[in-house]
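Trainee: I would like a close look at one part of this model. Please take me through its side-chain contacts, then set them in the context of the whole chain.

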Amino acid sequence: KTLQEHARVIHDNSQLAHQRVQDQLQEEKMLREESGRSVQRQVDTSARNYENERQRLAKTVHDAVTHMSERTASAQTISKRLQEESSEVKRLALRLQEEAAFGLKNLAEKMEE
């Protein structure tokens, strides 16, 4: 009977130790899973932030290029208009010069008469 009681105590202690190890393993598994979820949340947040920043920068660059293109087109229009006006001024100056020369010629002819 004593041997059976002793065997029973050893068996019970063994079962308790086994259960404690199982509980510890289960707790470690839960901690690892929670740690993994935490790391995944951090990775997801970082990826989201990266993508948001990438999109913001892409929009900023696109807007800047669009603005530069508009300004370039505007400058080209102004330059073309200035060239046209310069050509018109040259044409008018040449015509004025021709008219002045014609006027001087007529005056000279009238003075000779």
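Which residue forms a salt bridge with R37, and how far apart are the closest N and O atoms?

Mentor: The partner is E34, and the closest N and O atoms are 3.0 Å apart. Keep in mind that this is a predicted model. Both residues belong to helix 1, which covers residues 2–112. R37 and E34 are three residues apart in that helix, or about one turn.

Now look at how open each partner is. R37 has a relative accessible area of 43%, so it counts as partly exposed. E34 is partly exposed too, at 36%. Buried would require under 20%, and exposed over 50%.

E34 has another partner. It forms a salt bridge with R41, with 3.2 Å between the closest N and O atoms. R41 is partly exposed as well, at 46% relative accessibility.

Further along the sequence, turn to E88 and R91. Their side chains meet in a salt bridge, at 2.5 Å from N to O. These two residues are three apart in helix 1, so about one helical turn separates them. E88 is partly exposed, with a relative accessible area of 35%. R91 is also partly exposed, at 43%. Back at the earlier site, shared partners join the salt bridges of E34, R37 and R41 into one network. E34 is the residue that bridges to R37 and to R41.

Next, the wider count. The whole structure has eight salt bridges. Among them are E34 with R37, E34 with R41 and E88 with R91.

Now set this against the fold. The chain holds one helix and zero strands. Its C-alpha trace spans about 165 × 10 × 10 Å along the principal axes. The radius of gyration is 48 Å, whereas a compact globule of 113 residues would have one near 13 Å.

Burial comes next. Of the 113 residues, 0% count as buried. The partly exposed states of R37, E34 and R41 sit alongside that figure. The accessible surface of the chain is about 10,700 Å². Carbon and sulfur atoms account for 57% of that surface.

Last, the charges. The chain carries 19 positive and 20 negative side chains. The centres of these two sets lie 5 Å apart.

To return to your question: R37 pairs with E34, about one turn away in helix 1, and both belong to a network with R41.

How values were computed:
Residues numbered from 1 in each chain as written. Predicted model: local features only at pLDDT ≥ 70, side-chain atom pairs only at ≥ 80, totals over all residues. Heavy atoms only, no water. Salt bridge = Lys/Arg side-chain N within 4 Å of Asp/Glu carboxyl O. Helix = DSSP H or I, 4+ residues; strand = E, 2+ residues; numbered from the N terminus. Buried < 20%, exposed > 50% of the residue type's maximum accessible area, 1.4 Å probe, protein only. Rg over C-alpha atoms; globule rule 2.2 N^0.38 Å. Areas by Shrake-Rupley, 256 points an atom, 1.4 Å probe, with all protein chains shown as cover. Lys, Arg positive; Asp, Glu negative; His and termini not counted. Charge placed at Lys NZ, Arg CZ, Asp CG, Glu CD.
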